[in-house]
Amino acid sequence: MNLEELKSVVERIRAETQTHLGQLSSLERVQELEARILGRKGRLTELLSTITTFPKEQRGQVGQMLNVAKNELTEWIEDCRQRLQKSEAMIDRQSAAGIDPTFPGIVRGFGSIHPVTAVQWKIEEVFERLGFTVEAGPEMENDYYNFETLNIPAWHPARDMQDTFWLDNGLLLRTHTSPVQVRAMEKYGPPLRCIVPGRCFRYETIDASHENTFFQCEGLMIDKNISIANLIAVMKLLLREVFHRDVMIRLRPGYFPFVEPGFELDMRCMICGGTGCSTCKQSGWVEILPCGMVHPNVLRFGGIDPHEFTGFAFGLGLTRLAMMKYGVRDIRLMNSGDLRGLVHAERMCGNIIGKS
Ligand code: PHE
């Protein structure tokens, strides 16, 4: 072997050792590798014994080259040994603590269904079974559908009941899903059954129980001989499906210009079971749903003869219902994207989606 050949052999040993060290995962393998290179019969050790076969004037150079390589390889092997010692010590500590680091991790899904969406889907499913269609309307509405056709003329004090975001273009952000009532009447004519889940906006200061952006679900059923009994039956069915048990309800008179008579429908508080808590303000009841019989003026705006047809309407607070269902006490959590809230809700959503 001449000097050039020796150089390339040393270079090959360096490269191969480097590659092997990167792949080793146990101290035994490091030991074996060290023996193969630097041991008594190791590749580099054998090269060192060839020094005497070189001409005298080259021996100094050969010795120096081999020693540099030896030191370098020794250092690499030592580094690798220390790295593995550290991680083996960690594994020992973990298994002493009852943790198996080789056990496959928990696979997390990407994202989850928002609690409001989950409740919305459930409601859509229940109403579709009852022959209702699911409608949508614009979030940017005009005065005509948001107020006028709902029996709330410009001078009407009821306009102050809903603080409105007015837009520069003369339109507004709908304050409820009710504008779709007359839109649906115009689209389908009577008889008519639909629900309208959607986002609504009010010019409100935000706190634990008020949001400027929230979800409602309008309901509308128009036919011959529709009565309050139909309204109550449908509402009880809905709440039973959402909460998977019979829910106690009560009706109180409530004023909305577009229904007559109008009601506030309350349900027994799901959080305290009726004994009184902060959610139900110690009353044991939670206002869940304003509703009533569609006002004759609204039917007329929709081109329907109120002497021939009657109907009921309700405006379910979807956000509020989702909070009741999942025990969320602060409405701000619902739009926050806060994963602590959403992950919690995700587990619960598993329940309702699974059961539906
Ligand atoms: N639109 C009303 C509101 O948002 C609720 C409602 C709907 C009341 C339908 C009666 C009938 O306050």
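Which side chains meet in a salt bridge at 3.1 Å, N to O? In this predicted model, they are those of Glu 11 and Arg 14. Both residues lie in helix α1, which covers residues 3–23, and because they are three residues apart there, about one helical turn separates them. Glu 11 is partly exposed, with 42% relative accessibility, and Arg 14 is partly exposed too, at 21%. For Arg 14, it helps to know that buried means under 20% relative accessible area.

Let's move on to a pair that links distant parts of the chain. Glu 141 and Arg 183 form a salt bridge through their side chains, with 2.7 Å from N to O. Glu 141 sits in strand β2 (residues 140–141) and Arg 183 in helix α7 (residues 179–188), so this contact spans 42 residues along the chain. The two ends have their own surroundings: Glu 141 is buried, with a relative accessible area of 1%, whereas Arg 183 is partly exposed at 27%.

A further salt bridge brings two strands into the picture. The side chains of Arg 250 and Asp 266 meet at 2.9 Å, N to O. Here strand β6 (residues 249–253) supplies Arg 250 and strand β7 (residues 259–268) supplies Asp 266, with their positions 16 residues apart in the chain numbering. Arg 250 is partly exposed, having a relative accessible area of 33%, while Asp 266 is buried at 2%.

Salt bridges can also share partners: Lys 122, Glu 125, Arg 129 and Glu 241 are joined in this way into one network. Across the model, the count comes to 22 salt bridges.

Definitions and conventions:
Residues numbered from 1 in each chain as written. Predicted model: local features only at pLDDT ≥ 70, side-chain atom pairs only at ≥ 80, totals over all residues. Heavy atoms only, no water. Salt bridge = Lys/Arg side-chain N within 4 Å of Asp/Glu carboxyl O. Helix = DSSP H or I, 4+ residues; strand = E, 2+ residues; numbered from the N terminus. Buried < 20%, exposed > 50% of the residue type's maximum accessible area, 1.4 Å probe, protein only.
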